[in-house]
Amino acid sequence: MRSRSSRLVRVLRIRPLAVALATAGFSIHIAAAQQVTGTPGSPTTTTTIDGRYIPAPPQKFEGEIGLNALESKPAWPARVVPPKGAPNILLIMTDDVGFGAPSTFGGVIPTPTLDQVAATGLRYTNFHSTALCSPTRAALITGRNHHSVGFGVVSEQSTGFPGYNSIIGNDSATIGRILLENGYRTSWFGKDHNTPVYTASQAGPFDQWPAGMGFEYFYGFVGGDTSQWEPGMLFRNTTAIHPYVGHPGWNLITAMADDAIHWLNQLNDLDPSMPFFCYYVPGGTHAPHHATPEWIQKAHDLHLFDNGWNALRDQIYANQKKLGVIPADAQLTPWPDQLLKKWDTLGPDEKKLFIRQAEVYAAYLMYTDHEIGRVISEVEREGKLDNTLIIYISGDNGASAEGTLNGTPSELLAFNGVDLPVAEQLKFYDVWGSDKTYNHFAVPWAWAFDTPYKWTKQIPSFFGGTRQGMAIAWPGHITDKGGVRWQFHHVIDILPTILEATGIPAPVMVDGVGQKPIEGVSMAYTFDKTNAEAPTRHKTQYFEMFGVQGLYNDGWMLSAVPIRPPWSLFGAAVADPATAYKFELYDVQHDWTQYTDVAAKYPEKVRTMRDLMFGEFAKYQVLPLDASVATRVVAPRPSMAAGRDVFNYSGDPVTGIPTAAAPNLLSTSFTITASIDVPQAGAEGVIVTEGGRFGGYGLYLLKSKPVFTWNLLDLKRVKWQGPSALTPGKHTIEYDFKYDGLGFATLAFNSISGLGRPGTGTLKIDGNVVATQTMEKTIPVIFTIDETFDIGADTGSPIDDQDYQVPFKFTGKIDKLSIAVDRPKLTPEDVQKLKSAEVAAADGK
């Protein structure tokens, strides 16, 4: 006879989850191909899940529960694993690399790692980005068009429209989240340009950080670009780190490879069978071009650029024909004589500078590719190469033309409309690429590195802005080693390709939220050699960036001709981008490089494609079109600083606050007041600062003497100093700045006249004026890209290297710090004048 406790087991036994949910009225979907290994309830049992609904519901308890453990049977939930045969995934993408830069696609810059991936796998010659950084990245990790997931532009230019707010919605789970829920360990190394700038502080929220998007481990920087020598927004997961302090020669390109190798090795030591997904996206080769001296010397010794950019184009074009990465009948697009100088018109100083710029860039690409090779070598050392799908995308857009026509030793100069003459730039010749520069090359190099195509980064309607070289290897599965694929594809096709390779379905619901359909198509069909010449399965793809429009449809390309070149960041915005552009038409099945415009020959085709394009725009949240550039950088956003005029800080040291969460002191009046306590031995160190070597401000003590410094983009430093050292005890230091201009309010009238105007600063100590001077010009738009707002110490680089080195911690005590902002207000007369000027500009007067 069974005991009473045994009978109770039948009563207490937990019913299967499906029964429980069905009783509650839920419909249940069971994966038909669920794979279970081991005995149910065993600690070693594994299972796949129905990946359409994640997270998976709790598993049925396979044991028995009695009144005591002796009469009960334990059982463990099975460990979730991917389907049998699913590969490890190593997804690599470099930054701002034009199609014709790497040797793999005809370039002169050696990229042996990319060469090797292509040699053991496939080379894709008709693969496309969105033409800009974070939009491409958002599309890559979600499998949806960039506007569909809020990234119509970079987050630094986000606006309050669904296609432009830089928010990846919870209806668009990333590849990291999907693979994580299906049993992969997931990581993200390098550039995170998909966290909204207004959530990038220590206060979060962190749902739009890598950890919140399904990437268990993150090591990298948050933002569009960073110093590779002194990255100001470098994080491990959500904690800011500064590993370069005290380590001269440290460089992030190597450091992130070291960290990725450690992560892979650690995972392998813990469980060699654990599948991994590694998203590896270095900052190379986005400006600043920060290569180590050794790599710069290697590039210099190759003498790749001595004959200039026009000869370089010819050489790359010939190489591409020889390699077979462009069709035999593809034509080299003409040099834009109306926009860019030819090499043989330049003087000796220009050639000297421009060759140096290109050599340092080449060193940066060589260096980046080498470090990627170290990561792949670690996968091979662990014996996992044959079961790892490697996707190596060369660039997230075309080569960057954002460095001005002459290049620049500091990208911030270009972003503020400053074009430094060649003679001034030559002063940086010997340190080009070091931590003393935030360097970028001249526009003609970008055009050359996009050979054989027209245009550059930012331009979505021509392949110079969107066509990326890509190599995919999967030993044992891709057998057409060294094969070339010609099918049109787009970055949104990578996620569905990974899902097909792993056997994991796209989820229809995540965290109870219905998911947008995946908008890309899998490229896995191209892995089979018999499909080498198969028609593309990606038939239609819209393009849009900064109002410039384009559409690919079944072998035809409709292309809006840019009105604003991408290096002109301060021109007046196109008022109505929906109607302002001229459209060209290309038969890209027979005209690979968009050489011959046939719009006049096929006007009905132009009209039909334009209608289709606007239908795609409506479908994917592209509207409203917006052609503005610089004005969007300073547009208001829902940051923690939004709507505030007074900022009070306790005085405790706080560092690493991103610019979006700090008071904006540009083009406005403001007052900084610090109450401090100087110890008997005196004090020094930073009280408050924002920015660094290439622009910003700082209030600090030097041997107890107060100093306020405005660093005007590393061109000039203006200082207000106390007459002597402060005595021990309590003091109040005040810096008051009166701005003489209308500020950012003029941007609403398509005018930058209110920016960068003069102003007068006054330094007071204990209520007494000790220094007053006027700045004839101020920084108009931006003084830092990756540096932060710091209290009580400095991170990144110093405001003035001659005064101190980081971290320069304050050795006294800050009792209180306050910053009050007094923004200019437009009078009715100001508004009328601005309106009249806007109308006159629109009429061309």
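**Helices, strands and one buried isoleucine**

Thr-37 stands opposite Thr-46 in strand S2. That pair is where I will start. This is a predicted model, so please hear everything that follows in that light.

The two threonines belong to a pairing of S1 with S2, residues 46–47, in which the strands run antiparallel and are joined by two bridges. Those strands are part of an open sheet of three, ordered S1-S2-S4, and the pairing in that sheet is mixed. S1, at 36–37, and S4, at 79–80, are the edge strands; each has a single partner, so one side of each has no neighbour in the sheet.

Next, the helices. Two packed helices are described by the angle between their axes and the distance between the axes. I have two pairs to show, and H9 is in both.

The first pair is H6, residues 252–270, with H9, residues 348–381. Their axes are 10 Å apart and the angle is about 10°. H6 and H9 are therefore roughly parallel to each other. On the H6 side the contact includes Ile-253, Ala-257, Asp-258, Ile-261 and Leu-264. On the H9 side, the residues include Tyr-364, Tyr-367, Glu-371, Arg-374 and Val-375. By class, the residues of this contact come to nine nonpolar, three polar and five charged.

The second pair is H3, residues 112–120, with H9. Here the axes come within 7 Å and cross at roughly 50°, and the two helices are therefore oblique. Pro-112, Thr-113, Leu-114 and Val-117 in H3 meet Asp-369, His-370, Ile-372, Gly-373 and Ile-376 in H9. That contact has five nonpolar, three polar and one charged residues.

Now a single residue, Ile-494, which sits in helix H14, residues 494–502. Is Ile-494 buried or exposed? Its relative accessibility is 1%, so Ile-494 counts as buried. Leaving aside residues up to four places away in sequence, Ile-494 touches Leu-91, Phe-127, Leu-140, Ile-391, Ile-393, Met-470 and Met-523. From Ile-494 to Ala-506 is 12 residues in sequence and 13 Å in space, C-alpha to C-alpha.

Back to strands. S19 covers residues 548–553, and six of the six are buried, so the rest of the structure largely encloses this strand. Val-548, Gly-550 and Tyr-552 point one way, Gln-549, Leu-551 and Asn-553 point the other way, and all are buried.

S19 has antiparallel pairings with two strands. With S18, residues 540–545, there are six bridges, and Phe-543 stands opposite Gly-550. With S20, residues 556–560, there are four bridges, and there the partner of Gly-550 is Ser-559. The S18 and S19 hairpin has two residues between the strands, and Phe-546 takes a positive phi near 55°. S19 and S20 also form a hairpin, with two residues between them, and Asp-554 in the turn has a positive phi of about 50°.

Last, S24, residues 669–678. Seven of its 10 residues are buried, so S24 too is largely enclosed by the rest of the structure. S24 pairs antiparallel with S33, residues 813–822, over nine bridges, and Ala-674 stands opposite Leu-817. Nine bridges also join S24 to S29, residues 729–739, again antiparallel. In that pairing Asp-677 stands opposite Lys-730.

That is the end of my part.

Technical notes: Residues are numbered from 1 along each chain as its sequence is written. This is a predicted model: local features need pLDDT of at least 70, side-chain atom pairs count only at pLDDT 80 or more; totals for chains, interfaces and linings use all residues. Side-chain values use heavy atoms; hydrogens and water are left out. Axes are lines fitted to C-alpha atoms, for helices over the stretch in contact, and angles run from 0 to 180 degrees between N-to-C directions. Angles under 35 degrees count as roughly parallel, over 145 as roughly antiparallel, 65 to 115 as roughly perpendicular and the rest as oblique. Contact means heavy atoms within 4.5 Å. Ala, Val, Leu, Ile, Met, Phe, Trp, Tyr, Cys and Pro count as nonpolar, Asp, Glu, Lys and Arg as charged, and the others, Gly among them, as polar. Buried means under 20% relative accessible area, exposed over 50%, partly exposed in between (1.4 Å probe, protein chains only). Two strands pair if DSSP finds at least two bridges between them.
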